[in-house]
Amino acid sequence: MKNLLYLFVAVLLFSCNSKEKKDTKKSHLLAENKEIRTYLYGSFVGYSMIEERDTTKPMIEENAATINILIKRITESEVIAQRIIDGKSKPIKGQMRKTGNTFYFTLKETGDPKNDGVFNFEIQKDTTLVGTWTANDPTRGVTKRKFILRKREFKYDPNLMLPEGDMYIDYENPKKVEAEEQEQEETEKDSISDEEDYESPSELFRAASGAITTINSSTTKLNESQLKNLKKLDLEILRNTIFARHGYAFKSSTVRQFFDFVPWYVPISENVDAQLSETEKQNIALLKRFEKYAEDNYDSFGR
Amino acid sequence: MIQITWQYIPFRNDVAFLQIKQTEISEIPFYLVFFYTHVYSAIFVLLAGFTQFNSRLLKNQPVVHRNIGKLYVFTILFLSAPSGLFIGVFANGGFYSKISFVTLSILWFYFTLKGFLTIKNKNIALHKAFMYRSFALTFSAVTLRFWKVILVYLFQPSPMDVYQIIAWLGWVPNLLIVEYYLYNQSKK
């Protein structure tokens, strides 16, 4: 009987013990999973520049790439973020540590070891993100990039417009490639008239009209007469401005060249179809129809 | 031109030029009817017209000349010119192109009618003169599109700017050339 009592007490004690253990484990897990510094969440947007590259290889001309680091979740043990460069988004994971008032982050890209790298950055005064990206593969053309990014809140605002006064020129698609080549041949033959042979940008590249900064394709239901005198590039920009307002991360460099420098543009999403308003959907359909007409008919024999 | 007509077969309300005419199609009754009357009839006028200045045909087969001529005249008077006037009123490019197309259709009707009436009165010289004028305007279907290609190639203007210009450039120079030719003939 005594023995039985001991056993009972022992079992009781044991069970009590294990319960306590579980609790501490749980609370430890909770502390680890607890989100902290949530005020740092959000988009940090800016440009990245080449810091180190393989100098034995020829320099590849590249546009300053817009980079968006979107911090989604911070806990004691883990930081989950997303980086969007050139319209391509990728999750990045790692840790954060704090020294003084500055937070240091080390976040790794995953999935493509050949092209992936590591982000090292600090966030100063909660608003400025300064750091570098280092390639995993040291034989790459560009091994290190640096960037200074500013916190930019993404908020859908249908009233946002492309800034006026800027030139919207499609540098990605020169329209007279053949003429250009011919000219190069000529300049080789005759080096004196070298400078005269340069064409102005407007002759070589498609330039958009002022309409793209005055017509709002998100708030006004567009009609045919507003669009008839617009060229294909205008129509394309008007349509893509709708997607830009929704934070769509453009994949085509032709489109990105117009929006990367727009102060309010925050590329955060790879699909915004569900967010489009009814007006926007109708405008997109109308603009597409006009784009097709422009494509098929603008420079061909017909009307 | 046959190819251009061909894109409207089978009958549809949203192809080619009509892609930017959906407002007119939905708001203006009978727009589509007049549009298709014009498209389908004008191609016969153009083809018929080409045969009529062949002097060998006129000499050897006067009946053929007369019959094709009647087809040309009646198609313009009853189908192509009235429908041209109607769609001209709703033309792209605003006031300047509208007034051009409306004028064009009225002159087209007038010259063709005069060409027909003069030959009924056996006045061959006047018949010839008016039919030259009539066909100069018929042929604007080709020259208008031809000018468009040239202007777009040279200057890349906005679509409706180009349209306002070709609306006039399509037929006025044609008519001037014919008038100049008739003036020289009359001096001989």
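Which residues are buried in helix 7 of chain A? In this predicted model, the buried positions of the helix are Glu280(A), Asn283(A), Leu286(A), Leu287(A), Phe290(A), Glu291(A), Tyr293(A) and Ala294(A). These residues lie on the same side of helix 7 of chain A, because the arc they cover around the axis is only 160°. An α-helix has 3.6 residues a turn, so residues three or four places apart point the same way. The face of helix 7 turned away from this buried side carries Glu278(A), Lys281(A), Ala285(A) and Glu295(A), which are exposed. The length of the helix was also examined: its 20 residues, 278-297, should span 28 Å at 1.5 Å a residue, and the distance of 29 Å between its end C-alpha atoms agrees with this.

The cover over the buried residues of helix 7 comes from both chains. It includes helix 4 (224-227) and helix 5 (232-245) of chain A, together with helix 9 (159-169) of chain B. A contact set centred on Leu235(A) is consistent with the list of buried positions: leaving out residues up to four places away in sequence, Leu235(A) touches Leu227(A), Leu230(A), Leu287(A), Phe290(A), Glu291(A) and Ala294(A).

Leu235(A) and Phe290(A) also belong to the largest nonpolar core, which has 48 residues. Together with Ile69(A), Ala81(A) and Leu149(A), they touch the most other members of that core. Helix 5 of chain A provides the largest share of the core, with 7 residues. The core lies between domain 1 (38-152) and domain 2 (208-297) of chain A, because both domains give residues to it. Another core, of 34 residues, lies apart from it and has among its members Val45(B), Val162(B), Ala167(B) and Trp171(B).

The two domains of chain A, domain 1 (38-152) and domain 2 (208-297), have centres 29 Å apart when taken over C-alpha atoms. Between them, 11 residues of domain 1 are in contact with 9 residues of domain 2. On the side of domain 1 that touches domain 2, at least two residues are supplied by each of strand 1 (42-53), strand 2 (65-74) and strand 4 (88-99) of chain A. Strand 2 gives the most to this side, with 3 residues. By class, the side of domain 1 comprises 3 nonpolar, 5 polar and 3 charged residues.

Contacts between the chains join 17 residues of chain A to 15 residues of chain B. Helix 7 accounts for the largest share of the chain A side, with 5 residues. The chain A side of this interface divides into 6 nonpolar, 4 polar and 7 charged residues. One residue of chain B in contact with chain A is Ser158(B), which lies in the loop between helix 8 (140-155) and helix 9 of chain B. Its contacts, leaving aside neighbours within four places in sequence, are Ser209(A), Asn229(A), Leu230(A) and Lys231(A). Ser158(B) is partly exposed, with 17 other C-beta atoms within 10 Å.

For chain A as a whole, 7 helices and 10 strands were assigned. Of its 303 residues, 24% count as buried. Among contacts in chain A with a separation of 6 or more, 56% are accounted for by residues 24 or more positions apart.

Terms used. Residues numbered from 1 in each chain as written. Chains lettered and ligands numbered in written order. Predicted model: local features only at pLDDT ≥ 70, side-chain atom pairs only at ≥ 80, totals over all residues. Domains from an automatic or database assignment. Contact = placed C-beta atoms within 7 Å. Helix = DSSP H or I, 4+ residues; strand = E, 2+ residues; numbered from the N terminus. Nonpolar A, V, L, I, M, F, W, Y, C, P; charged D, E, K, R; others polar. Expected span 1.5 Å × (residues − 1). Buried ≥ 20, exposed ≤ 12 C-beta atoms within 10 Å, placed from the backbone. Arc of directions from axis to C-beta. Core = buried A, V, L, I, M, F, W, Y, C linked by C-beta atoms within 7 Å.
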